[in-house]
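Me: I'd like a close look at one part of this structure, namely how its aromatic rings are arranged. Please keep it connected, and give the cut-offs as you go.

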Amino acid sequence: MANEWFETVAEAQRRAKKRLPKSVYGALIAGSEKGLSANGNLSAFDQLGFAPHMCGLSQTREMSTTVMGQNLSMPVMISPTGVQAVHPEGEVAIARAAANRGIPMGLSSFASRSIEDVAAVNNSTFFQIYWCGDKDTLLQRMERARAAGAKGIIVTLDWSFSNGRDWGSPWIPEKINLKAAIKLAPEVVVKPGWLWAFAKTGKLPDLSAPNMAKPGEKAPTFFGAYYEWMQTPLPTWEDLAWLRKEWGGPFMVKGVCRVDDAKRIVDLGATTLSVSNHGGNNLDGTPAPIRCLSAIADAVGHDIEVVLDGGIRRGSDVVKALALGARAVMIGRAYLWGLAANGTAGVENVLDLLRGGIDSALLGMGKSNISELSADDIVIPRDFLCALGTK
């Protein structure tokens, strides 16, 4: 039997590609238009270097922190991702792995598993919400999350409905029926491991969005919920202030790349902001979050928790983000590759790799605590940093 453990996130991705049907894998790759932002999120980290020490290094390294009132064993959180047919347990498997490693779980409104199921296995669950539907509907979703035990709300605003990918978009059915099964059969039959995992449950992949269901009604399909979202008038700053007030607890606004927007989020009274371009699914050409991070952290970091979401694939990436002002990072595709490769254990594998990489980078730079990191610890190329919205 092959060794199920993998030594890098890149290897997890290779295994995911071998295991998943082409359409499922393509949906996880995502990105928009030419893929400039999606690719830039990764390549930006490669441009940053370290300034290590070589003697007098710390024997111990502390990497715990807090975000939105929750304790984190390391500065990493699970970023919410939408419906995916990666593994039969879906977000429950991810949440369990996160709980086992002492980190919070972010659950998408468009997830394939309910907030009740996920919060039951991870006591530090944040519920992500889009501005979708009328205010009564939004209130209902928040109150449902609160009743299930959600510890905070993540409001995601960094998606501009960009259309088309130069490499082609996968075909995703609205639901798995006979017609869809026949069309997908050629790519599914050559992935027996994935097919057998679902076959053992006696259920087909569920492409519905249970967290978008209205009381007493059946969960809509992902595309049904997506259509409702696209038809909803875009939120104003006043709408965002209303949402924060109605929730009343820890509140993150996700999707920031400009300093002026960050300042307005502070004025709202939000707990946390996430520097993000939605994994490259936003307006293509939006800079990598790591390039925008420093200016935002310098401007508002004393007034609000700043986290980074985008491009994290190893522990050293986490350390680079912390050195530039992030309190923690959020990961998305990295844990999905782990989930595809080996279920709950695969997600734990990814988190263990990140923890080991953080520890190794702290050791190399002579740090005993992540709080000691600063921009002086990394090598930053000229013109690398972006200060958007400062004029």
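Reply: Happy to! Let's start with two residues, Phe110 and Trp229, which are both buried (under 20% relative accessible area, with over 50% counting as exposed and values in between as partly exposed, using a 1.4 Å probe and protein chains only). Please keep in mind that this is a predicted model, where local features need pLDDT of at least 70 and side-chain atom pairs count only at pLDDT 80 or more, while totals for chains, interfaces and linings use all residues. Residues are numbered from 1 along each chain as its sequence is written, and side-chain values use heavy atoms, leaving out hydrogens and water.

The structure has ten aromatic pairs (rings of Phe, Tyr and Trp, the last by its six-membered ring, with centres within 6.5 Å; planes under 30 degrees apart are stacked, over 60 edge-to-face, and the rest tilted). In one of them, the ring centres of Phe110 and Trp229 are 5.6 Å apart and the planes stand at 45 degrees, so this pair is tilted. Phe110 belongs to the loop between strand 5 (105-107) and helix 5 (115-119), and Trp229 to helix 9 (residues 222-231), so the pair ties together parts 119 residues apart in sequence. Helices (H or I, at least four residues) and strands (E, at least two) are DSSP runs numbered from the N terminus.

The two rings also have company: ring pairs link Phe110 and Trp229 with Tyr130, Phe222, Phe223 and Tyr226 into a cluster.

Charges meet rings too. The charged end of Arg146 sits over the ring of Trp247, 4.3 Å from its centre (CZ of Arg or NZ of Lys within 6 Å of the ring centre and within 35 degrees of the ring normal). Arg291 lies over the face of Phe384, 5.8 Å from the ring centre.
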